[in-house]
Amino acid sequence: MYGADPRVVLGLHRSRHRRDLLTAALGLGVTALDTAAPYFGFHSHLALAETAADLLPKFTLSTKVGFFPSAGGAEHSLDPVRLRLAVERAARELGREPDIVFLHNPERSLAGLSPADGHALLGHACTALAGAARDGLCRVWGVASWDSRPLGRVRVEGLPSPDVLMVRAGLLVGVDLLNATTVLRTAWQAGETWGMSPFGGGHRKVWEDFDPRPFLRPPQDDLSRMQAAFRTAFHLPSASAVAVGTDDPGHLAQLVQALGAEVDTAAVSQYLRALHGHRQS
Ligand SMILES: NC(=O)c1ccc[n+]([C@@H]2O[C@H](COP(=O)([O-])OP(=O)(O)OC[C@H]3O[C@@H](n4cnc5c(N)ncnc54)[C@H](OP(=O)(O)O)[C@@H]3O)[C@@H](O)[C@H]2O)c1
């Protein structure tokens, strides 16, 4: 859908929503922005429209629906009527239709349901988002899942197929989740896979103890360990784009620089075999 080159998606989950970061992103050629209705205390859409309305048309903009404000903070729902209203609200608040609307962590509403009930609930939610795309409220739709395992259990065969499946990516993701993602995307035949959260939201100390640069071909000492971890995330699982969070334009520049490195896919395969072997032993 968006071409073959690996792409950085600037994720706003932990972002301060500062205009200068968006300006820096455009300067670096990062033109994909990912937010969600609940980010920034449920004010992300409005904050973007207030601080950067003129910049938003320059981005491919994705957002997510599925979490709603509640007395306790946030509640999850796959009610198709609420989802449709949330998509309409997103476009209103942003001042433009988003390019992509994701169903946000649908697994959260599947816990405790039988596979048949889960299948039906997920199906109605997917149909609502597919309908929103068909009606021009967004260009395409997708599913963003923090834990893809429950989605596999409800069997997605026969449900509307998302244009984009966004899943956790990188060296911090366990083999069970990587396997579940492989099964899920084959079953669902999603158009494109995006990775997300390549650093697990932080955890910098891990990279002091573990050097992922041998995953690059040739190993590149001029790139940092975090750059190597980011680049490798595009192969765990294989993804055309990875959503990553930063509030630091310098860090974003490092991530863009890392895209130029090549990943040793044989080393990644060997790593996956080792993970599987360890799991079975
Ligand atoms: N279920 C979902 O749908 C879901 C869940 C989680 C995430 N996501 C998506 O994925 C995006 C990223 O997730 P995330 O922010 O939770 O995790 P992340 O991208 O794994 O980690 C962000 C952290 O990495 C640091 N970082 C980034 N680049 C760095 C660099 N070059 N050097 C050193 N540190 C660096 C950032 O710190 P600095 O600010 O200091 O750079 C920030 O603390 C989200 O914004 C969202 O778009 C979606």
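**View 1. R155 sits in a loop between a helix and a strand.** In this predicted model, look for the loop that links helix 6 (149–153) to strand 8 (164–168); R155 is found there. R155 counts as exposed because its relative accessibility is 53%, and the cut-off for that label is over 50%. Now find T246, which is 91 residues away from R155 along the chain. The C-alpha atoms of these two residues are separated by 35 Å. Keep T246 in mind, as this residue is among the closest to the ligand.

**View 2. The ligand sits in the largest pocket.** Here you can meet the neighbours of the ligand: 29 residues surround it, and the closest are D34, N105, F199, T246 and H251. Sorted by class, this shell has 11 nonpolar, 12 polar and six charged residues. Two elements to pick out are strand 10 (241–245) and helix 10 (249–258), each of which supplies at least two residues of the shell.

**View 3. Polar atoms of H13, R14 and Q254 meet the ligand.** Start with H13, where a backbone N or O atom lies 2.9 Å from an oxygen atom of the ligand. With R14, a polar side-chain atom is the partner, at 2.8 Å from a ligand oxygen atom. For Q254, turn to a nitrogen atom of the ligand: an N or O atom in the Q254 side chain is 3.2 Å from it. How much of the ligand does the protein bury? Taken alone, the ligand exposes 900 Å², and the protein buries 90% of that.

**View 4. H76 is a buried residue with polar partners.** You can find H76 in strand 5, which covers residues 73–76. Why does H76 count as buried? Its relative accessibility is 16%, and buried means under 20%. The side chain of H76 makes a polar contact with the side chain of S109, at 2.6 Å. A polar atom of the H76 side chain also lies 3.1 Å from the backbone oxygen of N105. You have met N105 already, among the residues closest to the ligand.

**View 5. Helix 9 is mostly covered.** This helix runs over residues 225–233, and seven of its nine residues are buried. Which residues of helix 9 are buried? Trace the helix to find them: Q227, A228, A229, F230, R231, T232 and A233.

Terms used. Residues are numbered from 1 along each chain as its sequence is written. This is a predicted model: local features need pLDDT of at least 70, side-chain atom pairs count only at pLDDT 80 or more; totals for chains, interfaces and linings use all residues. Side-chain values use heavy atoms; hydrogens and water are left out. A residue is near a molecule or strand if one of its heavy atoms lies within 4 Å of it. A polar contact is a pair of N or O atoms within 3.5 Å; within protein, one must be able to donate a hydrogen and the other to accept it, and residues adjacent in sequence count only if both atoms are side-chain atoms. Accessible areas come from the Shrake-Rupley method with a 1.4 Å probe; for residues, only the protein chains shown count as cover. On a 1 Å grid over the protein atoms alone, a cavity is a set of points where a 1.4 Å probe fits but cannot get out, and a pocket is an open set with protein on both sides within 12 Å along at least five of seven lines; lining residues have an atom within 4 Å of a point. A molecule sits in a cavity or pocket if more than half of its atoms lie within 2 Å of its grid points. Helices (H or I, at least four residues) and strands (E, at least two) are DSSP runs, numbered from the N terminus. Ala, Val, Leu, Ile, Met, Phe, Trp, Tyr, Cys and Pro count as nonpolar, Asp, Glu, Lys and Arg as charged, and the others, Gly among them, as polar. Buried means under 20% relative accessible area, exposed over 50%, partly exposed in between (1.4 Å probe, protein chains only).
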